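User: I would like to go through the labels attached to this model and the reasoning behind them. Please set each value against its cut-off.

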Amino acid sequence: MACVAAMRELALLGMNSYIGRTKTWTHTGYPEVSVRMEEVGASRSTVRFTMWLIQAAIKDIMVRQRYQTSAFLGHYRNVIIGRVQLIRHQHAGGAEPQITAGAGGEKSSSGVSFDLKLPSTTGRTASNDDFSASVQYLDKAMDKRDTFFAIIWLLMAFGSHGNEPLRVFGCNVLSVTAEVRTIWNSVTRPGRQHYLLKAADMVNMIAHLAVVLVRDNNYREMNLIISEEGVEIARGAIRTRPLPRELAFPLTANMTVS
């Protein structure tokens with residue numbers, strides 16, 4: 001969850017921004033793990049590079065299933081740019097979720113709703129503040145690692161589009177054991193004007209979704225609906241299909257935004 005917190009904050013900064021010499025992230029609900037980024041030497045690390053390094057680190061840990069304090073060096077043209085540390089703290093009564101193999105939770109098709117507080121940086125007005133998202137879990141289970149790596153990748157993918165309006169967005173991610181496919185599109189209704197979601201809004205929604213999945217301990221294919229004042233304004237879907245293990249490495253394909 002610390003990686004989700006880090007990727008969310010970074011995605012909202014802008015890909016070409018700089019994070020400073022050192023930065024540490026911890027999810028407020030799960031303080032047992034931290035993510036620390038350190039620049040090395042005279043090099044400066046952009047948000048884009050930092051996000052790439054974090055997602056590569058969490059992918060390596062998930063593939064190896066070695067959930068322990070680890071350090072990863074990031075190189076660019078044979079020059080070390082930065083170091084990411086995933087730090088596991090020994091807090092009593094810790095609740096950091098273990099993203100191990102297998103699906104969690106019982107089969108459920110019921111809807112789960114949560115408030116969606118969108119970032120103030122996206123130009124909303126006071127009248128556009130009543131947003132919510134709902135999740136409908138489907139029958140097909142997903143490996144926890146595939147679910148969370150897809151969330152990490154989506155935060156990076158949406159972050160690269162900043163404040164661009166979201167109309168149609170598709171992203172295929174080759175995760176740990178499966179290909180995770182997502183599609184999102186805005187919903188328009190004749191005679192009604194509504195807030196057009198931006199990519200930065202989706203960053204916030206995806207970060208909230210991770211908390212909901214951990215809370216419910218339910219990792220399945222799903223449909224998602226985003227509403228403004230009770231009216232649907234966007235919908236999405238997350239699906240999987242099998243992936244040969246020899247092809248399980250970070251890759252995205254067919255990513256579109258319009």
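User: How much space lies in the second largest cavity?

Analyst: The model is predicted, and in it the second largest cavity holds about 30 Å³ of space. The search of the whole structure finds two cavities of 30 Å³ or more.

User: What makes this space a cavity, and which residues line the second largest cavity?

Analyst: The term cavity is used because a 1.4 Å probe fits there but cannot get out. Its lining consists of Met142, Thr147, Ala150, Ile151, Leu209, Leu213, Met222 and Ile238. Two elements, helix 3 (144–159) and helix 4 (199–216), give two or more residues to that lining. Helix 3 gives the most, with three residues.

User: How is the lining of the second largest cavity divided by class?

Analyst: Seven of its residues are nonpolar, one is polar and none is charged. Thr147 is in the lining, and threonine falls outside the nonpolar and charged lists, so it counts as polar.

User: Leu209 is in that lining; what else does Leu209 touch beyond its neighbours within four places in sequence?

Analyst: Leu209 is in contact with Phe114, Val135, Met222, Leu224 and Ile238. Of these, Met222 and Ile238 also line the second largest cavity. Leu209 is in addition one of the residues that touch the most other members of the largest nonpolar core, a set of 73 residues. The others named with Leu209 are Ile54, Phe158, Trp184, Met205 and Ile206.

User: Why is Asp201 called buried?

Analyst: Its relative accessibility is 1%, and buried means under 20%, so Asp201 counts as buried. Asp201 lies in helix 4. A polar atom of the Asp201 side chain is 2.9 Å from the backbone nitrogen of Lys198.

User: How do you know that the pair formed by Asp201 and Lys198 is within the limit for a polar contact?

Analyst: The separation is 2.9 Å, and the limit is 3.5 Å, so the pair is within it. As for distance along the chain, Asp201 and Gly159 are 42 residues apart, with their C-alpha atoms separated by 9.6 Å.

User: Is Ser70 buried or exposed, and why?

Analyst: Ser70 has 17% relative accessibility. The cut-off for buried is under 20%, so Ser70 counts as buried. Its place is in strand 3 (residues 70–76).

User: What surrounds Ser70, leaving aside its neighbours within four places in sequence?

Analyst: Ser70 is in contact with Ile61, Val84, Gln85 and Leu86. A polar atom of the Ser70 side chain also lies 2.9 Å from the backbone oxygen of Gln68. The C-alpha atoms of Ser70 and Ile58 are separated by 9.9 Å, with their positions 12 residues apart along the chain.

User: What makes the phi of Arg77 and of Asn217 worth listing?

Analyst: Most residues other than glycine have a negative phi. Phi of Arg77 is near 55°, a positive value, and Asn217 has a positive phi of about 50°. Arg77 lies in the loop between strand 3 and strand 4 (79–88), while Asn217 lies in the loop between helix 4 and strand 9 (220–228).

User: Why is Arg77 called exposed and Asn217 partly exposed?

Analyst: Exposed means over 50% relative accessible area; Arg77 has 69%, so it is exposed. Asn217 has 34%, which lies between 20% and 50%, so it is partly exposed.

User: Why is helix 1 described as largely enclosed by the rest of the structure?

Analyst: Eight of the 10 residues of helix 1 (2–11) are buried, so the helix is largely enclosed. The buried residues are Ala2, Cys3, Val4, Ala5, Ala6, Met7, Leu10 and Ala11. They pack against strand 1, strand 2 (30–39), helix 2 (47–64), strand 4, helix 3 and helix 4.

User: Which elements each supply at least two residues of the lining of the largest pocket?

Analyst: They are helix 1, strand 1 (22–27) and helix 4. About 210 Å³ of space lies in this pocket. Its lining includes Val4, Ala5, Arg8 and Glu9, as well as His208 and Val211. By class, the lining has five nonpolar, five polar and two charged residues. Arg8 and Glu9 are in the lining, and arginine and glutamate are on the charged list, so they count as charged.

How values were computed:
Residues numbered from 1 in each chain as written. Predicted model: local features only at pLDDT ≥ 70, side-chain atom pairs only at ≥ 80, totals over all residues. Heavy atoms only, no water. Helix = DSSP H or I, 4+ residues; strand = E, 2+ residues; numbered from the N terminus. Buried < 20%, exposed > 50% of the residue type's maximum accessible area, 1.4 Å probe, protein only. Contact = heavy atoms within 4.5 Å. Polar contact = N/O pair within 3.5 Å; in protein donor to acceptor, adjacent residues only side chain to side chain. 1 Å grid on protein atoms, 1.4 Å probe; cavity = no way out; pocket = protein on both sides within 12 Å on 5 of 7 lines; lining within 4 Å. Points joined across faces, edges and corners; volume = space filled by probe spheres on them. Core = buried A, V, L, I, M, F, W, Y, C linked by side-chain atoms within 4.5 Å.
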